[in-house]
Amino acid sequence: MASNKTLEKLKDVMSDGGKSVEDLFNEIDTDGDGTINGPELYKGIKSIVGEALTPDQISSIIKSLDTDGDNRIDVMELRNALS
């Protein structure tokens with residue numbers, strides 16, 4: 001599944017770059033509203049991992065990480081996914 005492979009790559013970027021989940025989150029949350037939406041996730045994965053995912057793949061990643069059902073990823077949801 002694309003989302004698992006992509007999450008593994010995000011973990012690698014974190015460990016290789018000495019970044020925390022918060023660092024990664026802040027890099028992806030470009031509007032600074034404390035949540036990551038679909039367009040931010042797409043751009044973040046493209047710039048950090050170098051992969052352009054389809055809207056369906058982005059949607060499935062958000063659905064798999066979004067535990068509170070708001071269609072956005074907050075820092076706790078990202079931490080849970082990457083830990």
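This passage looks at how the helices of a predicted model pack against one another, and at its salt bridges.

Confidence first. Across the chain, pLDDT averages 92, and 98% of the residues reach at least 70. Broken down by element, the lowest mean value, 86, belongs to helix α1 (residues 2-17). At the other end sits strand β1 (residues 35-36), whose mean of 98 is the highest among the elements of the chain.

Now for the helix packing. Two packed helices are described by the angle between their axes and the distance between the axes. Take helix α2 (residues 21-28) and helix α5 (residues 75-82): they pack at about 125°, and their axes are 10 Å apart. That angle makes α2 oblique to α5, since it falls outside the 65 to 115 range that counts as roughly perpendicular and is not over 145 either. The crossing of these two helices, α2 and α5, is right-handed. On the α2 side, V21, E22, L24 and F25 make the contact, and they meet V75, L78, R79 and L82 of α5. Sorted by class, this contact of α2 with α5 holds six nonpolar residues and two charged ones, with no polar residue.

Helix α2 also packs against α3, here at about 115° with the axes 8 Å apart. The two helices, α2 and α3, are therefore roughly perpendicular to each other. From α2, the residues involved are L24, E27 and I28, while α3 brings in E40, L41, G44 and I48. By class, the contact of α2 with α3 splits into four nonpolar, one polar and two charged residues. L24 thus turns up in the list for α5 and again in the list for α3.

Helix α3 (residues 38-48) has a further partner in helix α4 (residues 55-65), with an angle of about 110° and axes 10 Å apart. So α3 and α4, too, are roughly perpendicular to each other. Here G38, L41, Y42 and I45 of α3 meet I58, I61 and I62 of α4. The tally for this contact of α3 with α4 is six nonpolar residues, one polar and no charged. L41 is listed in this contact as well as in the one with α2.

Last, the charged pairs. Side chains of opposite charge can pair when their charged atoms come close. The model has five salt bridges. One of them links K11 to E8, with the closest N and O atoms 3.4 Å apart. Both K11 and E8 lie in helix α1, where they are three residues apart, or about one turn of the helix.

Definitions and conventions: Residues are numbered from 1 along each chain as its sequence is written. This is a predicted model: local features need pLDDT of at least 70, side-chain atom pairs count only at pLDDT 80 or more; totals for chains, interfaces and linings use all residues. Side-chain values use heavy atoms; hydrogens and water are left out. Axes are lines fitted to C-alpha atoms, for helices over the stretch in contact, and angles run from 0 to 180 degrees between N-to-C directions. Helices (H or I, at least four residues) and strands (E, at least two) are DSSP runs, numbered from the N terminus. Angles under 35 degrees count as roughly parallel, over 145 as roughly antiparallel, 65 to 115 as roughly perpendicular and the rest as oblique. A crossing is left-handed if the near helix is turned anticlockwise from the far one by less than a right angle, and right-handed if clockwise. Contact means heavy atoms within 4.5 Å. Ala, Val, Leu, Ile, Met, Phe, Trp, Tyr, Cys and Pro count as nonpolar, Asp, Glu, Lys and Arg as charged, and the others, Gly among them, as polar. pLDDT is the predictor's confidence in each residue, from 0 to 100. A salt bridge is a side-chain nitrogen of Lys or Arg within 4 Å of a carboxyl oxygen of Asp or Glu.
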